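User: I'm new to this one and would like to get my bearings. Please take me through it step by step, in plain words.

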Amino acid sequence: MTEKKINQIISHQLVKAREELGYTQIKVQNDKIIRQSTLSKIENGVKNISAAKLLVLAEYYKKPIEYFFKK
């Protein structure tokens, strides 16, 4: 699997996890997790996410880290 494909999977799963909780990007920003503009770029595949930030979001979304690597 390529790095690009892995990043696409992570991006998709981030959107899915956020939407499952009914959260908007603005709510995530207002909760001081990540800026909305940065989250938007990550979710749209424009920017890669660091391992540390992925772990922070996993905890915030109440998902195991493995969730973000599922197809």
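User: Which residues of helix 3 are buried?

Analyst: One caution up front: this is a predicted model, where local features need pLDDT of at least 70, side-chain atom pairs count only at pLDDT 80 or more, and totals for chains, interfaces and linings use all residues. Numbering starts from 1 along each chain as its sequence is written, and side-chain values use heavy atoms, with hydrogens and water left out. Buried means under 20% relative accessible area, exposed means over 50%, and partly exposed is in between, using a 1.4 Å probe and protein chains only. On that scale, the buried residues of helix 3 are Thr38, Leu39, Ser40, Ile42 and Glu43.

User: What do the buried residues of helix 3 pack against?

Analyst: Helices here are DSSP runs of H or I with at least four residues, strands are E runs of at least two, and both are numbered from the N terminus. Contact means heavy atoms within 4.5 Å. By that test, the partners of helix 3's buried residues are helix 1, helix 2 (25-30) and helix 4.

User: Why does Thr38 count as buried?

Analyst: Thr38 belongs to helix 3. Its C-alpha atom is 9.7 Å from that of Asn48, a residue 10 places away along the chain. Thr38 counts as buried because its relative accessible area is 15%.

User: How many helices and strands does the chain have?

Analyst: Reading from the N terminus, the elements go α-α-α-α. That pattern fits the tally: four helices and zero strands.

User: Which element gives the most residues to the largest nonpolar core?

Analyst: A nonpolar core is a set of buried Ala, Val, Leu, Ile, Met, Phe, Trp, Tyr and Cys residues joined through side-chain atoms within 4.5 Å. The largest one has 17 residues, and among those with the most contacts inside it are Leu14, Val28, Ile34 and Phe68. Two or more residues come from each of helix 1 (3-20), helix 3 (36-43) and helix 4 (51-60). With four residues, the top contributor is helix 4.

User: Which residues does Val28 touch, leaving out those up to four places away in sequence?

Analyst: Val28 sits in helix 2 and is buried, with a relative accessible area of 0%. From Val28 to Leu39, 11 residues on in sequence, the C-alpha atoms are 8.6 Å apart. The full set of residues that Val28 touches is Arg18, Tyr23, Ile33, Ile34, Leu39, Leu57, Tyr60 and Tyr61.

User: Ile34 touches Val28 too, so what else is Ile34 in contact with, leaving aside neighbours within four places in sequence?

Analyst: Ile34 is one of the residues with the most contacts inside the core. Besides Val28, its partners are Gln29, Leu39, Ile42, Lys53 and Leu57.

User: Is Leu55 buried, partly exposed or exposed?

Analyst: Leu55 is in helix 4. Its C-alpha lies 6.5 Å from that of Ile65, 10 residues away in sequence. With a relative accessible area of 44%, Leu55 counts as partly exposed.

User: Which residue takes a positive phi just after helix 3, and what is the value?

Analyst: Most residues other than glycine have a negative phi. The one sitting just after helix 3 is a glycine, Gly45, and its phi is about 75°.

User: What are the phi value and the relative accessibility of Lys32?

Analyst: Lys32 lies in the loop between helix 2 and helix 3. Its phi is positive though it isn't a glycine, near 65°. Lys32 counts as exposed because its relative accessibility is 74%.

User: And where is Lys62, and what is its relative accessibility?

Analyst: You'll find Lys62 in the segment after helix 4. It isn't a glycine either, yet its phi is positive, about 60°. It counts as exposed because its relative accessibility is 62%.

User: What radius of gyration does the chain have?

Analyst: The C-alpha trace spans about 35 × 25 × 20 Å along its principal axes. The radius of gyration is taken over C-alpha atoms, and the globule rule is 2.2 Å times the number of residues to the power 0.38. For 71 residues, a compact globule would come out near 11 Å, and the chain agrees, with 11 Å.

User: What share of the residues is buried?

Analyst: Burial shows up in the core, with its 17 residues. Over the 71 residues of the chain, the buried share is 37%.
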